[in-house]
Amino acid sequence: MLLAVLWLLLGWLDASYLYRLASMALVFGLLAASANLITGVAGMMTLGHAAFYGVGAYTSALLSSQYQFSPWLTLPLAGVTAALLGGLTAWLTRRLVNVHFAVATLGIGQAVYVTLLNWVDFTRGPMGITDIAPLSTASPAINLGLVMLVFLLCYLVLERTVHSYYGNALRALREDEQCVAAMGLDPAKLKIQVMVLGCFIAGLAGALWAYSTRYVSPGDFRFSESITILAMVVIGGLGSLPGAIMGALLLTLLPELLRSLGDYRMLVVGSIMFGFIMFLPKGLIGEYSALRVFRSHLKALEQS
Amino acid sequence: MSETLLELKQLSLSYGGVHALEDISLRLPAGGITGLIGPNGAGKTSLFNVITGFSRPSRGEVHYAGQRIDGLPVPQIARQGIARTFQNLRVFPGMTVFDNVSIGALSQQRFGWRALWSRQQHSAQAVSAATWAALRRTGLDGLAFELAANLSYGKRKYLEIARALALQPGLLILDEPAAGLNDSETAALADFLGQLSQEGLSLLLVEHDLSLVKKICNHVLVLSSGRLLAEGSPEQVMRDPAVITSYLGSEEA
């Protein structure tokens with residue numbers, strides 16, 4: 001609903017800058033939402049989310065520009081490639097917890113970044129890949145609409161995953177892994193499933209990024225991007241899906257709104273982030289409030 | 001004796017050179033409450049860990065309901081019907097009471113992806129029904145949507161039991177259920193465990209409070225330095241000279 005209004009408004013304004021900004025916000029919305037599934041809900045602190053995002057972006061960019069795949073076909077392929085890497089990472093690290101898992105994902109993030117940068121024959125290295133075809137040749141408005149469509153589908157999948165009994169199992173994994181095992185659920189299996197789904201969506205986000213900006217380079221998938229994504233999740237509220245989207249909107253739009261501040265811009269953004277964490281440690285929309293709908297459904301069940 | 005629920009055959013557990021358990025063989029009949037007592041470091045928690053799969057025995061076998069379970073992964077043993085609580089109260093603090101208990105109910109369902117899409121789906125309804133049943137059974141239904149972290153210590157004990165009950169176990173293993181409770185809370189817990197037993201659930205518990213053991217257990221196992229020192233009815237065991245010297249004697253001296 002809101003997205004439709006936004007789409008009409010942007011169509012009326014017809015400014016390509018705004019289209020780019022809107023796609024960027026949506027792409028980061030997906031990244032934050034998927035990182036929230038992994039880090040906020042399941043408690044697996046990932047410092048390498050940009051790696052899966054980058055793998056998705058390069059998969060779609062290379063397939064469509066070098067091998068003439070149709071953009072639509074590369075979307076699922078980008079997701080699958082990222083999901084495979086995510087699943088493999090989770091399988092290898094299934095016994096690691098907390099900071100050990102974080103460092104492992106940090107390693108994956110660096111490995112992917114360095115590969116994108118140095119495997120020049122395949123990725124064209126620091127020059128990046130230019131002239132990526134758009135999702136559709138119709139108009140920028142249609143393209144943005146398509147990004148919105150993918151965003152909505154992913155959001156729906158995440159919403160159902162997080163606000164369900166399965167989501168409860170993931171939250172329990174975050175709280176106490178051994179206890180989850182003692183309750184008959186396999187923590188390793190849950191971790192792998194979470195990484196596969198979260199990284200699939202990060203890969204899709206990467207493909208959307210490639211088709212929106214029509215240019216990808218390794219710099220887009222640096223460690224600092226992983227940290228920005230993590231900051232979006234924390235500011236929005238760890239474990240809260242609507243919070244993650246809010247956090248992504250805030251941290252993509254704020255730097256743009258503050259452009260007039262020039263050199264002071266990132267200083268102000270940093271201070272605002274600091275303020276949010278100091279005064280809203282549970283995030284813009286905390287997990288407890290985000291799960292309200294699910295809870296009211298349970299209350300209704302009890303009465304029936 | 002009625003049919004055997006749990007059987008340990010020549011069970012040993014050692015870490016490096018330390019023998020936590022040595023050559024323990026015993027049969028636990030179905031039904032009733034079995035108490036496991038012994039001085040600190042006797043191997044009580046080690047025995048629980050071996051039964052529930054948290055530790056692998058170095059030698060020997062564990063059979064539950066006619067099936068060999070030693071060496072199986074922890075979740076699989078739980079799904080076969082052995083639920084446990086922990087010595088140091090382990091609830092999921094950041095989740096509501098309802099959500100805590102639903103974790104126990106989940107593993108009894110074949111929980112397919114379809115259940116995510118429809119909350120009316122059969123498996124989701126079964127989880128909710130089993131969760132509410134366990135909450136009512138433990139008197140926590142009024143607190144269902146409270147965060148577990150906000151519960152009193154005593155209530156959290158019941159929450160841990162409710163979560164285990166939601167698994168619909170055949171054997172419930174409790175590690176020091178009365179630790180930290182005052183006299184009236186202990187008495188209430190004893191009544192509650194007695195009721196569970198009358199409803200057909202088999203219980204195995206480690207307990208330091210010997211008066212509680214005398215009151216509710218119909219069978220007692222005594223461990224000392226990793227060995228099974230004695231077993232029998234509470235009266236028999238507490239008259240056993242070996243038990244008195246190794247355990248009771250040291251406490252009453």
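**Exercise 1.** In this predicted model, work out the strand order of the open six-stranded sheet in chain B, and determine which strands are at its edges.

*Solution.* Begin with the order of the six strands, which in chain B reads β6-β7-β8-β3-β9-β10, with mixed pairing. Next, look for strands that pair on one side only: these are β6 (82-84) and β10 (227-232) of chain B, and they are the edge strands. Finally, follow the sheet from one strand to the next, where the twist averages 20°.

**Exercise 2.** Describe how strands β3 and β8 of chain B pair, and find which helix packs on the sheet there, touching both of these strands.

*Solution.* Take the two strands together: β3 (residues 33-37) and β8 (residues 202-206) of chain B pair in the parallel sense, over four bridges. Within this pairing, B:Leu36 has B:Val206 in β8(B) as its bridge partner. Then turn to helix α7 (residues 183-198) of chain B, which packs on the sheet and touches β3, β7 (171-175) and β8 of chain B, while its direction makes about 145° with that of β8(B).

**Exercise 3.** Examine helix α10 of chain A from its start to just after its end, and decide whether the helix is mostly covered or mostly uncovered.

*Solution.* At the start of α10(A), a side-chain oxygen of A:Asp186 reaches to within 3.1 Å of the backbone nitrogen of A:Ala188. The helix itself (residues 187-213) has 27 residues and reaches 38 Å from its first C-alpha to its last, close to the 39 Å expected at 1.5 Å a residue. Considering burial next, α10(A) is mostly covered, since 20 of its 27 residues are buried, that is, under 20% relative accessible area. Just after α10(A), A:Arg214 takes a positive phi of about 60°.

Notes:
Residues are numbered from 1 along each chain as its sequence is written. Chains are lettered from A and ligands numbered from 1 in the order in which they are written. This is a predicted model: local features need pLDDT of at least 70, side-chain atom pairs count only at pLDDT 80 or more; totals for chains, interfaces and linings use all residues. Side-chain values use heavy atoms; hydrogens and water are left out. Two strands pair if DSSP finds at least two bridges between them. Axes are lines fitted to C-alpha atoms, for helices over the stretch in contact, and angles run from 0 to 180 degrees between N-to-C directions. Contact means heavy atoms within 4.5 Å. The expected span of a helix is 1.5 Å times one less than its number of residues. Buried means under 20% relative accessible area, exposed over 50%, partly exposed in between (1.4 Å probe, protein chains only). A polar contact is a pair of N or O atoms within 3.5 Å; within protein, one must be able to donate a hydrogen and the other to accept it, and residues adjacent in sequence count only if both atoms are side-chain atoms.
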